[in-house]
Amino acid sequence: HVPHIGGPLDSAQSLGRLGRSASVPNLLEALCDTDGWVRYYAVRALGEIRSPESIDALARMLREDTAVHVRVAAADALGSVGGPRVVSILAPFVESEDRDVAGAALLSLGVIGHPDALGPILEALKADDAVSVIRAFTYFSLLANIAEDRHHIRRREAHEAAGERPQPGSLERSFERLEKA
């Protein structure tokens with residue numbers, strides 16, 4: 001089924017692009033549409049607006065919608081809204097039998113970054129996954145260090161090319177502060 005131009009699907013997408021809280025009542029109404037794609041775009045738009053008044057409706061969509069893509073979008077949208085209340089809504093879905101929903105809930109908990117989100121994230125981490133996660137963070141840390149080194153080298157070369165004295169790097173400043181303390 002392809003919705004016609006100017007129909008509810010276009011309306012939901014357009015309201016989301018406006019990104020205004022004045023659109024929230026219309027988007028909440030669109031969550032009741034029979035077309036799963038209309039509900040999907042309404043959920044996404046609510047996530048972009050980040051309106052706390054949409055939390056209950058998004059939680060209901062995550063719990064009850066029959067379309068998986070809508071449930072995944074609801075988890076994403078809740079993550080965009082954020083806050084400790086959303087953490088408690090998302091936490092049970094980390095153990096969802098639907099891997100897409102569980103993955104979206106985990107990612108959203110990570111996006112929220114609230115301390116209460118750490119428990120559900122760690123509980124979802126299986127022992128077999130722990131080594132992979134630690135390895136990934138180690139590689140990420142190494143890559144970040146390499147990128148920072150390249151940045152400092154480029155910055156020093158730019159100062160030297162301009163005939164200026166290179167600025168001290170962050171480590172050099174830290175050591176100077178330690179000596180003064």
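The following questions and answers concern aromatic pairs and the nonpolar core of a predicted model. Local features need pLDDT of at least 70 and side-chain atom pairs 80 or more, while totals for chains, interfaces and linings use all residues. Residues are numbered from 1 along each chain as its sequence is written, and side-chain values use heavy atoms, without hydrogens and water.

Q: How are the rings of Trp37 and Tyr41 arranged?
A: Rings of Phe, Tyr and Trp (its six-membered ring) pair if their centres lie within 6.5 Å; planes under 30 degrees apart count as stacked, over 60 as edge-to-face and the rest as tilted. The centres of Trp37 and Tyr41 are 6.4 Å apart and the planes stand at 40°, so the pair is tilted.

Q: Is Tyr40 buried or exposed?
A: Buried means under 20% relative accessible area, exposed over 50% and partly exposed in between (1.4 Å probe, protein chains only). Tyr40 has a relative accessible area of 16%, and therefore counts as buried.

Q: Which helix gives the most residues to the largest nonpolar core?
A: Such a core joins buried Ala, Val, Leu, Ile, Met, Phe, Trp, Tyr and Cys residues through side-chain atoms within 4.5 Å. This core has 39 residues, and Leu58 is among those that touch the most other members. Helices (H or I, at least four residues) are DSSP runs, numbered from the N terminus. With 8 residues, the element that gives the most to this core is helix 5.

Methods:
Helices (H or I, at least four residues) and strands (E, at least two) are DSSP runs, numbered from the N terminus.
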